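Work through the exercises below with the sequence and the 3D view side by side, and try each task before you read its solution.

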Protein chains: 2
Amino acid sequence: MNGTGTAAEDRVFAALANATRREVLRLLRERGPQAVQALADHFDMRRPSLSEHLRVLREAGLVSEERSGRQRIYRLEAAPLADVQDWLHPYERFWRDRLKGLGDLLDRMPDDDQP
Amino acid sequence: MNGTGTAAEDRVFAALANATRREVLRLLRERGPQAVQALADHFDMRRPSLSEHLRVLREAGLVSEERSGRQRIYRLEAAPLADVQDWLHPYERFWRDRLKGLGDLLDRMPDDDQP
DNA sequence: TTGACGCGTAGGAAAACGCCTACCTATTAT
DNA sequence: ATAATAGGTAGGCGTTTTCCTACGCGTCAA
């Protein structure tokens, strides 16, 4: 029904599974929206390769582009990261409980929420 | 120095970038530790293929195995997921602020925390 | 209008992925 | 001892990733 399916999650996690792309996200987060050249300065990589990384991020919905003259300004879009955090929620008690030293208990008492 | 480097993050995100592996994690979370055969019943896939998925999850630290007779009991290990949540934290304000409708503001006021 | 600049796309090569069919080891049952 | 069960490994095959160089298109400057 909606666009938040398995393929979308695949694309987001796959996009995050690369240090260059995570670094792009960090730069957009710390320095705000910027053009491709400014981003490219931080990487030991040809610009077309970075363009492909940007396309992966775009198709995952993690960045958006806005044309400004002959530049393309890329901007962080954090919505898919919110989805990741939502995905993490059911696992949260696993590391919180385990840190309290009662992890083995819940291993034998699985939860009952099934999508 | 420590084992939480870029390669480790790559491995965790890459492990999560596959619907079969995410489903394995969900099964281990909802039903507790279990053997390979029990997991395999949920997938339209030959068992050796699932074994490879389990290896990917193991190398990402997301599951552990415990030998019990001729069975291998797999258990969810949520620590890498806690790392993912930590990684998400600096982005959190982006979707929270944006939902409040003042996202454009912080786009021009980037933060200043740099690792 | 001509040239330089900013970026994307095309196509290719090497590696990694995800599936398969054998096949192997270890353990339990007969 | 033999057979059956549980599950990992080896190797093959088609697809995808990730880098590259070459090139095309739109925009701004001279």
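**Exercise 1.** Into how many nonpolar, polar and charged residues does the surface near DNA strand C divide?

*Solution.* Bear in mind that this is a predicted model. Begin by collecting the residues that have a heavy atom within 4 Å of the strand; there are 23 of them around DNA strand C, and A:R47, A:S51, A:Y74, B:S49 and B:H53 are the closest. Next, sort the residues of this surface by type, which gives six nonpolar, seven polar and ten charged. Finally, turn to the DNA side, where sugar and phosphate make up 60% of the atoms of DNA strand C that come within 4 Å of the protein.

**Exercise 2.** Find which parts of DNA strand C are approached by B:N18, B:R46 and B:E52.

*Solution.* First take B:N18, which places a polar side-chain atom 3.5 Å from a phosphate oxygen of DNA strand C. Then take B:R46, where a backbone N or O atom lies 2.9 Å from a phosphate oxygen of the strand. Last comes B:E52, whose polar side-chain atom is 3.1 Å from a base nitrogen of DNA strand C. As for the elements, those giving two or more residues to the surface near DNA strand C are helix 3 (36-40), helix 4 (47-59) and strand 3 (71-76) of chain A, along with helix 4 (47-59) of chain B; helix 4 of chain A gives the most, with five residues.

**Exercise 3.** Describe the order of helices and strands in chain A.

*Solution.* Count the elements to obtain seven helices and three strands, and then read along the sequence, where they follow the pattern α-α-β-α-α-β-β-α-α-α.

Conventions: Residues numbered from 1 in each chain as written. Chains lettered and ligands numbered in written order. Predicted model: local features only at pLDDT ≥ 70, side-chain atom pairs only at ≥ 80, totals over all residues. Heavy atoms only, no water. Polar contact = N/O pair within 3.5 Å; in protein donor to acceptor, adjacent residues only side chain to side chain. Helix = DSSP H or I, 4+ residues; strand = E, 2+ residues; numbered from the N terminus. Nonpolar A, V, L, I, M, F, W, Y, C, P; charged D, E, K, R; others polar.
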